[in-house]
Amino acid sequence: MSETEAPLRLAGVERRYRTEAGELPVLRGADLVLAAGEIVALVAPSGTGKSTLLHLAGLLERPDGGEVFVAGRAAGTLSDAGRTAIRRGTIGFVYQFHHLLPEFTAEENVVLPQLAAGVARGAARDRARALLAGFGLRGREHHAPGRLSGGEQQRVAIARALANRPRILLADEPTGNLDVGTAGLVFEELLAAVRGQGLAALIATHNPELAARMDRTVTLRDGRVVEG
Ligand SMILES: Nc1ncnc2c1ncn2[C@@H]1O[C@H](COP(=O)(O)OP(=O)(O)OP(=O)(O)O)[C@@H](O)[C@H]1O
Ligand SMILES: [Mg+2]
């Protein structure tokens with residue numbers, strides 16, 4: 001990665017959904033720069049496009065206009081394989097609802113993305129165990145997600161997002177599904193991991209107290225990103 005390029009940059013990003021009632025413009029020229037090591041809170045009312053923005057930033061979807069740059073590379077110019085490689089190696093994504101694979105154990109959920117990225121099984125298992133232990137999950141490695149609490153499931157999801165040592169962490173209300181106390185704890189752990197590894201992060205939250213713990217806040221207004 002070039003030193004001068006921000007890990008993540010959105011330039012004039014547009015996204016419209018086609019609905020029965022016609023076209024719904026959600027993003028209308030969203031600009032955002034995420035600097036290395038910067039943690040940005042995305043706080044905006046429901047339905048304004050937070051998840052849409054995160055999915056585009058995470059290369060899970062393609063914009064209808066504008067461009068997403070990852071470490072200076074225009075994602076729109078990449079093949080599907082190129083985008084997948086970036087998604088796998090450079091970007092970690094945490095969903096509101098964990099999205100863990102229910103038929104696999106916690107450890108396997110953290111191992112699998114590493115195998116997909118070409119890491120040897122033994123090394124992948126060691127890293128998964130270290131990450132899970134770091135999130136207080138020692139002894140839970142062999143539990144399936146359904147046998148873990150909501151907070152534990154989100155910790156596994158965070159460990160999975162960090163498994164391939166990404167440069168960017170995107171999280172869509174990662175603790176929105178947890179009770180207030182658990183949300184605070186899991187959020188602290190997420191922030192500590194992101195800061196400890198010097199990641200650039202964009203984290204959507206509805207909680208102003210959690211947003212205040214980050215470096216700055218942005219919001220969405222009329223489909224654009226503005227300082228919050
Ligand atoms: N696949 C889709 N098809 C049609 N409309 C969609 C689709 N996905 C999202 N939308 C619409 O786009 C708008 C933005 O949705 P989005 O999920 O990005 O909002 P959000 O800010 O994440 O909301 P929340 O805080 O409730 O999660 C909403 O009006 C939503 O109904
Ligand atoms: Mg959302």
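Mentor: A residue is near a molecule if one of its heavy atoms lies within 4 Å of it. This is a predicted model in which local features need pLDDT of at least 70 and side-chain atom pairs count only at pLDDT 80 or more, while totals for chains, interfaces and linings use all residues. Side-chain values use heavy atoms, with hydrogens and water left out; residues are numbered from 1 along each chain as its sequence is written, and chains are lettered from A and ligands numbered from 1 in the order in which they are written.

Trainee: How many residues surround ligand 1?

Mentor: The closest residues to ligand 1 are Ser46, Gly47, Lys50, Ser51 and Thr52. They belong to a shell whose full count is 14 residues.

Trainee: Which residue has a polar backbone atom 2.8 Å from an oxygen atom of ligand 1?

Mentor: A polar contact is a pair of N or O atoms within 3.5 Å. A polar side-chain atom of Glu173 is 3.4 Å from an oxygen atom of ligand 1, and a backbone N or O atom of Gly49 is 3.0 Å from an oxygen atom of the ligand. The backbone contact at 2.8 Å belongs to Gly47.

Trainee: How much of the accessible area of ligand 1 does the protein cover?

Mentor: Accessible area comes from the Shrake-Rupley method with a 1.4 Å probe. On its own, ligand 1 has 640 Å² of such area, and the share covered by the protein is 61%.

Trainee: Which element gives the largest share of the shell around ligand 1?

Mentor: Helices (H or I, at least four residues) and strands (E, at least two) are DSSP runs, numbered from the N terminus. Two or more shell residues come from each of strand 1 (8-19), strand 2 (22-34) and helix 1 (50-57). The largest share, three residues, is that of helix 1.

Trainee: How many residues of the shell around ligand 1 are polar?

Mentor: Asp, Glu, Lys and Arg count as charged, Ala, Val, Leu, Ile, Met, Phe, Trp, Tyr, Cys and Pro as nonpolar, and the others, Gly among them, as polar. The shell holds four nonpolar and two charged residues, and its polar residues number eight.

Trainee: How far apart are the end C-alpha atoms of residues 8-228?

Mentor: Over residues 8-228 the chain is 35% helix and 28% strand. The distance between the end C-alpha atoms is 19 Å.

Notes. Polar contact = N/O pair within 3.5 Å; in protein donor to acceptor, adjacent residues only side chain to side chain.
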